Each structure stands twice: as structure tokens, then as C-alpha cells.
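Student: I'd like a close look at one spot in this model, and then how that spot sits in the rest of the chain. Could you take me through it?

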Amino acid sequence: MKVLVIGGGTGGLALAHGLLRAGIEVAVFERDALRTDGLHGYRVGIDPDGSRALHSLLPPELYDTFVATKARDPKYFNMLTEDFKEVLSMEVPSSTDPVESEKSISRMTLRQVLLTGLEDVVEFGKEFTRFEQYDDHVTAYFADGTEATGDLLVAADGSGSRVRRQYLPQAKTEETGIVAIAGKLPITDESVKLVSPKVFEGISMINAPRGLFCIIHVMEFQWDRDGRVKHGIGGNTEELIRHWPGLQFDNTRDYINWGLSATRDKLPANVMELTGDELIEVALDLTPDWHPNLRRMFELTDRGTCFPVNIWTSVPLEQWDSTNVTLIGDAIHTMTPGRGVGANTALRDAVNLCRALIDVRDGRRELVAAVREYETKMIEYGFDAVIKSRAQMTADDPVHKPVIGRLALAGMRTAMRAVNHVPPLKRRMRDSMMAYRGAGREENQLEITPAPAGR
């Protein structure tokens, strides 16, 4: 069996690792021309669901490297006003378990970790154009005139998936009416003084009038600005970082990351074409009454890191007839960042599809039947996450309306302040949030064993 994976994102690369370990031939075709071309995006939160999937799919030492290269764990989850006053602050349970824990990861670093060990599997500069299906194989064609043939083609080519457009033309994506502006600034003596200790050590969300929303992450890594392991790290972690070849490709250093979002009607019509300098001015124009420290944070942002994001979402659809083409991650269930589970859902897809293909390898199922079983499960949890994520981030939310929005915001703040002063309610809310992100869930665990003799 040979598997063709179109797209070298989080889900596609994780799947490739699992298949490689299982002795299943796999080839990944990535449109980027170079290993370093995909160094975009900032923080991604890997929850217990995602960690279990990676732990199952990656070689043990590479999973240890993934853990060693994460940022400092967040200690708090904060909700704030636009003048930096606390509405709610919950302690994030600390955990020394390298799997059953929340992790702050640089998307840049995660990409380099996942590319490690796949040098003979990933082909760069391969822009997918179309595929042709046959009873016993599928052929993918690329813009450079080359082609590749395998038993199964997996679409892992993101929200603009060309595979999906050809294979499932009825699968639609649509705009939510929300646009975000993202940027980052280095941690310096000045920038660290702009935020409180709880904000510096946590994940913080600001819900403001007119439906404006801002999220702040502080990312500190175990290496310094020159790429040297920081003093006092030591032990196995230091050795993993020192000997990890991906560090030479990575440009992630300690930073404060922010994302400011609003409905399109509050932004310039050409917001998606604006430069970093112009986007900073938009952020400042949106927030004239915000705390001076927040505005200073915008001003100190590295203009080259600032970019706009048009928030899209998939439209759930009924299950289709399974074949020798399937999909994972954003290629099938694009979701807003409202719940922060997009990457983790892609990793769930990867481990579940890997499990199904191991069954094919071992003769327990035929290929299409195994794909059907995977898709049935994926459609259920994937589109559930799409719906819940959209509910957290859509222009239809009352908070964006002029009058009712202020009432909704005031009601939310009153409720959260009440929770903040009642420890049992706060613990219940925290536990519910952690449970949604996979804490304690017996899923996504797969023991990958070599193929039985003779197969």
C-alpha cells in the first residue's frame, strides 16, 4: 500500500510519521519550495487530544523533542477589560505529564519538529493541480508536469484545498464576517512591563465594546535570541535541543503575540491588502480608549510580523460515499480559532486515519471500508468542533450590535466576575474547559507496531 499526502501541514506531516513507523509507504507533496518557506503563524495550543495523537504517531525521541521545544506552560487563563482590569482569572492545572497536558507551541517550531526525519518522504515545490481515480489506484498531478500514483490520496492541503474542490464540490466554506490582525513583539525590558504578572504568565482574552476582541500570549522558549540553550535548563532537555537539527531552520525567539479581531464593517474595505505599518494604525484607530499599555504593545510590534486573517469556516455536510480519496484537517473541517482546537482536530484525524490504514495493512479491513470507518467518526467530531468554534466567532453574535452588544458585554462581565469570586464555580468552569480540550479522554492512543512477518 502506498499513501499520497497532499500538503505538508500539521496533520499531513503527523500522519506521515505514523505511516512511516507502521511500515506503510507514504509520500508528502508540499507546495512550498523550501523547508523554511512555511515559517508563518504564531502560537498554537496543543491540548491533551493533540498530545496523545502526536505521542502515538511520532518516534519517541522526536516526541521528546516536541516537548522540549514548547514554550513555557501558561499558568493562568484570564479575561480582561479593555482597560486591563480583571474580569476572571483561573489557574491552569500544572502537569508534569509530557502527554496529558496543555502546551504552548510555536507554529514555526512545530513545523520544523514534524519535518525532522521526513527528509526522504516530503517533496517540496509540488503544487497539486488535480487527481484521477481508478478502481485500484489514484494518480495525483502537479504543476511542474510530474505525477504520482498510490493506493490512497489524502487531502491535507488546508482550508483552500484543491483536492476538496475536485472531490467534494458540494463541500463549502464561508466567511464569518470577522477579520483578525495579528502581530508579535520581542520580550524586552520595556515590553515585559506593559503586562501584569498574570498576563505575562498566562493566556489572556479581552472582550471590549463594539464586539472587539483581543487575545494575548506570551511565549518564552528554552533557548536565547542567538539559539543557545538558556542557562539552567540542563539534563535531557538541553541535549534534545542541542542535537535537534530543526533549530537551525527556526526563527522563533521569546515574544508577546497578540490578535485583535472585529467585524468587517469596522475595518477598512482593503484591510486584507494593508502593510504591517498600516495594520498597526488600524489597530490603534480601533482602540482609542484602550489602556495605554495595550496601545503601546501595538506600537512596539515588529511590522514585519503583522498580517490580517480573514476568518472562514466550513459548512457541515452529510457523509459522502467513501473511495480511495479522503481528507484530514482544514481540508475538510475548517474552523474558526474561537475554541482553539483546529490543529488538535487535525491531529485526531491523523491518528484515526493511521489506525484505519494499519488495519488495512494487517488484512483486517479492505481499504475503502477502513476509510469509511475513519470518515464516519471524523465527520462527527470534526463538524461538531466547526459548529462550536463558529459560535464563538461570527459577525452574527449580538456582541457586535450597537445597543444590544453593550448589554450582552455587561451581562457577560457581571456573570464572569461572579464566577471569579466563587471558587467552586471557577473550578467547575475550568474543568469543563479542560474536558472539552481532551483532558482525561481515553482517545487518540495508538500503539504502532511493525507489519507482521510476510506482509
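Leaving aside its neighbours within four places in sequence, which residues is T345 in contact with?

Tutor: Bear in mind that this is a predicted model. With neighbours up to four places away in sequence set aside, T345 is in contact with H333, M335, Y381, G382 and A385. T345 itself is found in helix α11, which covers residues 342-361. Its relative accessible area is 4%, and the cut-off for buried is under 20%, so T345 counts as buried.

One of those contacts, H333, gives us a handle on another part of the chain. Take H55: in sequence H55 and H333 are 278 residues apart, and their C-alpha atoms are 23 Å apart in space. H55 has its place in helix α2. It is partly exposed, at a relative accessible area of 43%. Once residues up to four places away in sequence are not counted, H55 touches Y63 and V99.

Helix α2 runs over residues 48-57 and also holds D49. D49 is buried, with a relative accessible area of 3%, whereas H55 in that helix is partly exposed. If you want a distance for D49, try A27: the two are 22 residues apart along the chain, with 25 Å between their C-alpha atoms.

Now for the aromatic rings. A search of the whole structure turns up eight aromatic pairs. One of them is F131 with Y167: the ring centres are 6.2 Å apart and the planes make 65 degrees, so the pair is edge-to-face. F131 lies in strand β8 (residues 128-133) and Y167 in helix α5 (residues 162-167), so this pair ties together parts that are 36 residues apart in sequence. Both partners are out of the way of solvent by the area criterion: F131 is buried at 5% relative accessible area, and Y167 is buried at 13%.

A second pair to look at is F221 with Y255, which is tilted, with 6.2 Å from centre to centre and 40 degrees between the planes. This one links distant parts of the chain, 34 residues apart: F221 sits in the loop between β14 (213-219) and α7 (235-242), and Y255 is in strand β15 (residues 255-263). F221 and Y255 are both buried. They also belong to a cluster, in which ring pairs link Y42, F221, Y255 and F307.

Zooming out, the chain has 14 helices and 17 strands. Its radius of gyration is 22 Å, close to the 23 Å that the globule rule gives for 455 residues, so the chain is as compact as a globular protein of that length. Along the principal axes, the C-alpha atoms fill a box of roughly 65 × 50 × 45 Å. Buried residues make up 54% of the 455, with T345 and D49 among them.

On contacts, take those in the chain with a separation of 6 or more: 77% of them come from residues 24 or more positions apart. As for the outside, the accessible surface is about 19900 Å², and carbon and sulfur atoms account for 51% of that. Finally, the charges: the chain has 54 positive and 65 negative ones, and the mean positions of the two sets are 5 Å apart.

Note on methods: Residues are numbered from 1 along each chain as its sequence is written. This is a predicted model: local features need pLDDT of at least 70, side-chain atom pairs count only at pLDDT 80 or more; totals for chains, interfaces and linings use all residues. Side-chain values use heavy atoms; hydrogens and water are left out. Helices (H or I, at least four residues) and strands (E, at least two) are DSSP runs, numbered from the N terminus. The radius of gyration is taken over C-alpha atoms; the globule rule is 2.2 Å times the number of residues to the power 0.38. Buried means under 20% relative accessible area, exposed over 50%, partly exposed in between (1.4 Å probe, protein chains only). Contact means heavy atoms within 4.5 Å. Accessible areas come from the Shrake-Rupley method with a 1.4 Å probe; for residues, only the protein chains shown count as cover. Lys and Arg count as positive and Asp and Glu as negative; His and the chain ends are not counted. The place of a charge is taken as NZ of Lys, CZ of Arg, CG of Asp or CD of Glu. Rings of Phe, Tyr and Trp (its six-membered ring) pair if their centres lie within 6.5 Å; planes under 30 degrees apart count as stacked, over 60 as edge-to-face and the rest as tilted.
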